[in-house]
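Welcome, and please open your viewer with the selection tool ready. We will go from stop to stop, choosing residues and looking at what is there.

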Amino acid sequence: MSDSSTSDSTDDSKGHHLVTEPPQSQFLSLHLIETLAAVLPVRDENGQPKSLVFGGVERHMITSQARRRAERVHARNRANAGLGELKGRSMGVRTREWALLAGRELESAHGWDRDRALVTARAVMEASGLKFGDPKKKTVANLTKVLIFAPSDAGARIARHIVDRAAEVEEWRDTYLDAQARIEATKKTRRGARSKDAAEPDADETARAVALPPLPKATRDAVLLALAPRDAVDIALYGRFLAEIPDSPNVDGAVQTGHAFTVHEAEQIEDFYAAADDAKLDRKRNALDFLDAADDAGAGMTGYQSLISGTFYRHAVLDRTQLRVNLRVAGMDEVEAEQVASEAEKEFVNSFVEAFPEAKKNSTASTGSLPVLVLAFEGERPYNYASAFQRPVDEGPLSTGGEGPAGPAAVRRLLRHHTFVSRRRSDLRTTRLLTYDPEIDLLLGELELPESLSVVERAEDLTP
């Protein structure tokens with residue numbers, strides 16, 4: 001008698017033999033090779049390309065933070081525009097402007113005066129545990145000190161609660177602001193009375209002298225619920241950490257992202273540029289004599305910018321189990337969580353392939369790049385193939401012992417590495433390849449690839 005638990009086929013009610021899909025593995029690993037020319041997707045505090053040392057040589061690096069933001073925003077924008085697998089789903093926004101957003105909602109949707117709306121929203125959120133910028137500095141006074149990743153309707157939900165309990169909230173707000181003013185006045189008095197020999201004022205004593213009234217529990221609960229991850233799919237994917245409010249739920253992300261790096265030694269140029277002054281050139285063009293023209297000679301502005309070129313390897317992993325846990329914790333039942341997880345996986349793969357950091361996009365057209373190769377497969381653990389490129393690619397001619405152009409060389413290395421690993425790891429399966437490069441498509445036909453590997457033509461076919 002066969003063990004039904006290991007069977008991959010069933011009979012339907014009419015006796016037809018049906019082949020069923022095997023259960024999905026926990027992890028979906030994605031590996032990508034891409035070639036970029038004269039770009040600067042991310043830079044350090046000095047405006048220079050970011051780099052790392054690997055295999056004894058310097059490599060250019062595109063940080064995981066830059067990649068994750070590009071992918072997250074790409075998926076969110078598609079969903080909000082009614083496109084892609086996640087169209088119509090709740091998505092998140094990461095910002096310091098939640099008090100401003102709630103205030104604008106109070107003003108535009110509920111008819112509150114602008115100052116009244118903003119002061120109330122800020123006070124409510126501050127009393128919930130969030131720290132704001134210096135109130136004396138207008139540019140940051142109403143911004144939280146940290147970015148908060150929350151569902152996009154959080155500001156509207158906070159505003160609706162304030163309106164529903166306007167009398168209670170405003171009475172509390174006036175008491176709260178009055179107490180704040182008295183605390184600040186006490187501090188100023190102590191600072192003014194301080195002499196060189198006097199001891200530092202006791203901050204705890206000041207706080208005890210004038211206590212801030214606690215935010216009504218219903219209002220605090222409403223703020224925490226509004227800022228909670230709830231059903232925002234991109235928060236379930238990428239996670240969020242909010243340390244300022246201990247009882248606000250955090251989320252362990254389901255996506256793991258590695259830094260992208262060049263498979264060869266770093267290649268960088270310092271590009272000198274000259275920007276023309278249109279008004280000056282117009283005067284020169286209409287000058288009556290050569291002296292007038294000479295006064296308007298020269299560029300309007302000059303400078304340098306660093307640009308990099310190269311073939312990059314990048315890698316990401318989706319933990320399907322964690323994604324489903326996050327969605328269930330958000331309140332979805334098992335059926336809905338399964339459906340949303342499947343949609344989120346397809347959109348994540350699409351974003352991994354399509355999205356690109358937008359720094360200097362207008363001057364380098366970097367966002368139009370397409371991958372040389374995408375490798376996707378399932379496994380019972382994550383697989384990172386960075387070690388395939390520990391020895392930098394030698395782009396010298398094949399006739400002299402080199403590996404030729406970095407793109408094809410990186411593809412050969414990656415696939416050789418995967419084939420070698422897959423022979424030793426029984427959990428690897430459903431391997432799929434996608435290329436947007438016709439030369440690489442020809443190369444794939446020449447390589448000895450495992451029979452279990454399939455070549456697909458669209459990003460949505462990379463995941464089972």
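The tour below visits pockets, cavities and packed helices in turn.

This is a predicted model, in which local features need pLDDT of at least 70 and side-chain atom pairs count only at pLDDT 80 or more, while totals for chains, interfaces and linings use all residues. Residues are numbered from 1 along each chain as its sequence is written, and side-chain values use heavy atoms, with hydrogens and water left out.

**Stop 1: the largest pocket**

Rolling a probe the size of a water molecule over the atoms shows where empty space is left. Here the search runs on a 1 Å grid over the protein atoms alone: a pocket is an open set of points with protein on both sides within 12 Å along at least five of seven lines, and a cavity is a set where a 1.4 Å probe fits but cannot get out. Lining residues have an atom within 4 Å of a point. A volume is the space filled by probe spheres set on the points, which are joined across faces, edges and corners.

Select R122, E126, G133, P135 and Q180, which lie nearest the centre of the largest pocket. The full lining has 30 residues, and the space in this pocket is about 880 Å³. Now colour α2 (98–110), α3 (114–127), α5 (166–193) and α6 (203–209), the elements that give two or more residues to this lining. Helices here are DSSP runs (H or I, at least four residues), numbered from the N terminus. Which helix gives the largest share of the lining? It is α3, with eight residues.

By class, the lining of the largest pocket has 15 nonpolar, five polar and 10 charged residues. In this scheme Ala, Val, Leu, Ile, Met, Phe, Trp, Tyr, Cys and Pro count as nonpolar, Asp, Glu, Lys and Arg as charged, and the others, Gly among them, as polar.

**Stop 2: α2 against α4**

Keep α2 on screen and add helix α4 (residues 154–164). Two packed helices are described by the angle between their axes and the distance between the axes. Axes are lines fitted to C-alpha atoms, for helices over the stretch in contact, and angles run from 0 to 180 degrees between N-to-C directions.

The axes of α2 and α4 cross at roughly 55° and come within 8 Å. The two helices are therefore oblique to each other; angles under 35 degrees count as roughly parallel, over 145 as roughly antiparallel, 65 to 115 as roughly perpendicular and the rest as oblique. Show the side chains of W98, A102, E105, L106 and H110 in α2, which take part in the contact (heavy atoms within 4.5 Å). Their partners in α4 include I158, R160 and V163. Nine residues of this contact are nonpolar, two are polar and two are charged.

**Stop 3: the second largest pocket**

Next, select A66, R69, A70, V73, H74 and N77, then add E354, A355, F356, P357, E358 and T367. Together they line the second largest pocket, which holds about 320 Å³ of space. Helix α1 (residues 64–80) provides the largest share, six residues. The lining divides into six nonpolar, three polar and three charged residues.

**Stop 4: two cavities**

How many cavities of 30 Å³ or more does the structure hold? There are two. For the largest cavity, select E71, A75, L86, M91, V233, D234, L237, Y238, E347, F348 and S351. Its volume is about 50 Å³. Helices α1, α8 (233–238) and α12 each supply at least two lining residues, and α8 gives the most, with four.

The second largest cavity has a volume of about 30 Å³. Its lining is E34, R314, V353, E354, A355, F356, S369 and P371.

**Stop 5: α11 against α12**

Select helix α11 (residues 320–329) and helix α12 (residues 334–354), which pack at an angle of about 130° with their axes 9 Å apart. That makes α11 oblique to α12. Zoom in on the contact, where R320, L323, R324, L327 and R328 are the α11 residues. Among the α12 residues there are E334, E338 and E345. The contact has six nonpolar, one polar and six charged residues.

**Stop 6: α14 against α15**

Finish with helix α14 (residues 406–422) and helix α15 (residues 438–446), whose axes lie 11 Å apart at an angle of about 40°. That makes α14 oblique to α15. Select P408, V411, R412 and L415 in α14, and you will find them meeting I440, L443 and L444 in α15. This contact has six nonpolar residues, no polar ones and one charged.
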